[in-house]
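Trainee: I would like a close look at a single part of this model. Please set that part in the context of the whole chain afterwards.

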Amino acid sequence: MPSVSSPEQQEFLIGEAIREAHLGVESGGSPIGCVIARVEGADLTILARGFNEGKLTGNAVSHAEIVALGRLRNSPGGPVVLATTLEPCLMCFGGCLCAGVSEIIYAQPALGDFGASRVALPADGLYATANLVGGIREVECHTMWREWMAEREGEDLSFIRRLLGYE
Ligand SMILES: [Zn+2]
């Protein structure tokens with residue numbers, strides 16, 4: 001599938017996802033944010049936003065992507081791009097396919113996870129797969145995590161460190 005979003009639109013959307021990630025930190029959670037937009041040529045409309053609410057709600061499945069997908073209403077028409085600061089996990093990747101997301105863009109790979117880029121869907125499956133584009137503004141997201149971790153010295157961060165491929 002040809003790319004839905006331009007490099008400039010990808011930079012912008014990941015920037016918006018980073019803003020959401022900061023809101024997540026302000027809410028007491030981790031720096032993972034997501035936005036969903038309809039993108040048709042130069043037209044871009046943000047349809048939904050979310051950050052990881054796991055800590056806030058105690059609901060382990062309220063990942064940023066699931067939160068944003070849950071706020072998407074009806075079929076928006078036109079190609080839909082989901083932008084997230086961290087490569088989606090299997091649950092969120094599945095959610096994107098169910099919601100008809102055409103393109104998933106992310107900043108940072110989740111190297112310790114069987115994330116979206118390491119899943120091969122059957123060619124004749126029920127759902128159309130989505131384009132995957134990673135590495136957009138990745139350095140900023142590493143910095144965001146490093147700062148977040150630095151403020152949590154002494155806490156057990158082994159899960160997140162493994163997820164991000166830091167150990
Ligand atoms: Zn997820």
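Trainee: With its C-beta neighbours inside 10 Å counted, does Arg162 rank as buried, exposed or partly exposed, and what is that count?

Mentor: The model is a predicted one. Arg162 has 14 C-beta neighbours inside 10 Å and therefore counts as partly exposed. A residue would need 20 or more to be buried, and 12 or fewer to be exposed. Arg162 sits in helix H6, which covers residues 158-163. Leaving aside residues up to four places away in sequence, Arg162 is in contact with Gly112 and Glu167. Pro31 is 131 residues from Arg162 in sequence, yet their C-alpha atoms are 16 Å apart.

Two other residues make useful references. Phe114 lies in the loop that runs between strand E4 (103-108) and strand E5 (131-133). Its count is 11 C-beta neighbours inside 10 Å, so Phe114 is classed as exposed. Phe114 nevertheless has contacts with Leu90 and Val119, again without counting residues up to four places away in sequence. From Phe114 to Cys98 is 16 residues along the chain, and 19 Å between C-alpha atoms. Arg137 belongs to the loop between E5 and H5. With 22 C-beta neighbours inside 10 Å, Arg137 counts as buried. The backbone of Arg137 also deserves a remark: its phi is positive, at about 55°, although the residue is not a glycine. Most residues other than glycine have a negative phi.

Now the interior. In soluble globular proteins, nonpolar side chains tend to be buried together. Here the largest nonpolar core comprises 39 residues, and Val81, Leu82 and Ala83 have the most contacts inside it. At least two residues of this core come from each of helix H1 (7-26), strand E1 (33-40), helix H3 (64-70), strand E3 (80-86), helix H4 (90-98), E4 and helix H5 (138-150). For Leu82, the contacts beyond four places in sequence are Cys34, Ile36, Glu65, Cys96, Val101 and Ile104.

H1 and H5 also pack against each other. Their axes come within 11 Å and cross at roughly 5°. Angles under 35 degrees count as roughly parallel, and the two helices H1 and H5 are therefore roughly parallel to each other. On the H1 side the contact is made by Ile18, Ala21 and Val25, and on the H5 side by Glu140, Cys141, Met144 and Trp148. By type, the residues of this contact of H1 with H5 comprise six nonpolar, no polar and one charged.

As for the whole protein, six helices and five strands make up its secondary structure. Along the sequence they follow the pattern α-β-β-α-α-β-α-β-β-α-α. The radius of gyration is 15 Å, close to the 15 Å given by the globule rule for 167 residues, so the protein is as compact as a globular protein of that length. The C-alpha trace spans about 45 × 30 × 30 Å along its principal axes. Of the 167 residues, 38% are buried. Among contacts between residues at least 6 apart in sequence, 63% join residues at least 24 apart.

Conventions
Residues are numbered from 1 along each chain as its sequence is written. This is a predicted model: local features need pLDDT of at least 70, side-chain atom pairs count only at pLDDT 80 or more; totals for chains, interfaces and linings use all residues. Helices (H or I, at least four residues) and strands (E, at least two) are DSSP runs, numbered from the N terminus. Two residues are in contact if their C-beta atoms, placed from the backbone, lie within 7 Å. A nonpolar core is a set of buried Ala, Val, Leu, Ile, Met, Phe, Trp, Tyr and Cys residues joined through C-beta atoms within 7 Å. Axes are lines fitted to C-alpha atoms, for helices over the stretch in contact, and angles run from 0 to 180 degrees between N-to-C directions. Angles under 35 degrees count as roughly parallel, over 145 as roughly antiparallel, 65 to 115 as roughly perpendicular and the rest as oblique. Ala, Val, Leu, Ile, Met, Phe, Trp, Tyr, Cys and Pro count as nonpolar, Asp, Glu, Lys and Arg as charged, and the others, Gly among them, as polar. The radius of gyration is taken over C-alpha atoms; the globule rule is 2.2 Å times the number of residues to the power 0.38.
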